[in-house]
Amino acid sequence: MAGDNTKYVTDNPSLFSPYKMANFNLSHRVVLAPMTRCRALKGIPNEALVEYYRQRSTSGGFLITEGTMISPTSAGFPHVPGIYNIQQVEAWKKVVDAAHQQGAVIFCQLWHVGRASHQEYQPGGAAPISSTSKPISNRWKILMPDATYSPYPDPRPLATHEIPEVVEDYRLAAINAIKAGFDGIEIHGAHGYLLDQFMKDGINDRTDDFGGSLENRCKFLVKVVQAVAAAIGPDRVGVRISPAIDHLDAMDSDPLTLGLAVIQKLNKLQSEFGSKLSYLHVTQPRYTAYGQTESGNHGSEEQVAEWMTTWRRAYVGTFICSGGYTRELGLQAVAQGDADLVAYGRLFISNPDLVLRLKLNAPLNRYVRATFYTHDPVVGYTDYPCLEKGNEPRSRL
């Protein structure tokens, strides 16, 4: 796979050609990216989620769920689902069954937001946990349960002895995901959330074994991957990183080297496991928050594209790219060997039949940003129209 440039020339892959990811046979390379949607009332997946994922499932397609809480301390949005108790596991089974009935492969994204939270989301009103005591700057605001936005509070840095407890939360969440029927899990190590807060030197100011050197800053992620892979098997584990994204102040002084360091460690782990992970998922900084494109000081789009190519060539295994990809950019990424699979987010929100539309080069529905994070089970969630039904919504709710 990765690193064998001749394979891409001889196989002539396309966005719509089959691909074997670990033990999963995919019929195309269009992936549903993980996206927070705030429809799981009180943290429990419901019929709205069943319908949402059913609509976006295709035979041989690959779906990654929205960020899913690994513990009561991990939330940073209202009404996001969890995977840490029996009620949540049982509720997820219906979602997984709906995807499987359509022939899809579905992974659960395991998520801890770290300092990107608020006391209102924390048990007992405690401070959010992080690698640091530094809060996210006022450039960013957190969405509160009453739909207002608030500044981020000061976090509490995790004590060294507490880190294994969080690693255990990831491990148990992965086991729960398999109990719910998921085909695997994705570890969310991107976008300024907990694991990214440890990796980025613009955030991590620790002086213990999890701070300072690049080796130390990657240690938390490595321990999570080891624990989860041991629990459910490496071939059921994907990892998402975003070295070049400054979302939520997630700045690093050398994104290229950080990405290569993570990849080197994942390659080494795969060698130790004697088996590849399912994939590495890397997000481009064509990322928006509050309607403005993020750029920070992480280089031009051309520079980041070069970094993505470098990371892709360095990683031994399936490589997924995401972040503002259009049909044309997705076709190009696969044809040129810059990615094996391409994950789409916002376009999949408004086009439940996105795979068909991309294949036909059909017009796309425009998404409505104002309904991204509302709690309505239908509006802006399952009511976008599809081509195959006379352009009428196919929500069953």
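A compact globule of 397 residues would have a radius of gyration near 21 Å; this chain has 20 Å, so the two agree. The model is a predicted one. Along its principal axes, the C-alpha trace spans about 60 × 50 × 40 Å. Of the 397 residues, 59% count as buried.

The secondary structure comes to twelve helices and 16 strands. Contacts often join parts of the chain that lie well apart in sequence. Take the contacts with a separation of 6 or more: residues 24 or more positions apart account for 73% of them.

Now look inside. The largest nonpolar core has 85 residues. Which of them touch the most other members? They are Ile-185, Ile-187 and Phe-220. Helix α7, residues 219-232, gives this core its largest share, eight residues.

Follow Ile-187 outward, setting aside its neighbours within four places in sequence. Its contacts include Leu-221, Val-224, Val-225 and Val-228. Ile-187 also meets Val-237, Gly-238, Val-239 and Arg-240. Leu-110, Tyr-170 and Leu-195 complete the list.

There is also a second core, separate from the one around Ile-187, with 17 residues. Among its members are Trp-111, Ile-142, Leu-143 and Tyr-152.

Helix α9 is a good place to check geometry. It runs over residues 301-314, which is 14 residues. At 1.5 Å a residue, α9 should span 20 Å. The C-alpha atoms at its ends are 20 Å apart, so the model agrees with the expected span.

Which residues of α9 are buried? They are Val-304, Trp-307, Met-308, Trp-311 and Arg-312. These buried residues cover an arc of only 135 degrees around the axis, and therefore sit on the same side of α9.

How far should each part be trusted? The chain averages a pLDDT of 93, and 91% of the residues score at least 70. Confidence is highest in strand β5, residues 105-111, at a mean of 99. Confidence is lowest in strand β14, residues 292-293, where the mean is 38.

Two stretches call for a closer look. Over residues 288-297, pLDDT stays under 50. The model still has 19 contacts for that stretch beyond four places in sequence. Residues 391-397 also have a pLDDT below 50. This stretch has 27 contacts in the model beyond near neighbours in sequence.

Terms used:
Residues are numbered from 1 along each chain as its sequence is written. This is a predicted model: local features need pLDDT of at least 70, side-chain atom pairs count only at pLDDT 80 or more; totals for chains, interfaces and linings use all residues. Side-chain values use heavy atoms; hydrogens and water are left out. A nonpolar core is a set of buried Ala, Val, Leu, Ile, Met, Phe, Trp, Tyr and Cys residues joined through side-chain atoms within 4.5 Å. Buried means under 20% relative accessible area, exposed over 50%, partly exposed in between (1.4 Å probe, protein chains only). Helices (H or I, at least four residues) and strands (E, at least two) are DSSP runs, numbered from the N terminus. Contact means heavy atoms within 4.5 Å. The expected span of a helix is 1.5 Å times one less than its number of residues. The arc is that of the directions from the helix axis to the C-beta atoms. pLDDT is the predictor's confidence in each residue, from 0 to 100. The radius of gyration is taken over C-alpha atoms; the globule rule is 2.2 Å times the number of residues to the power 0.38.
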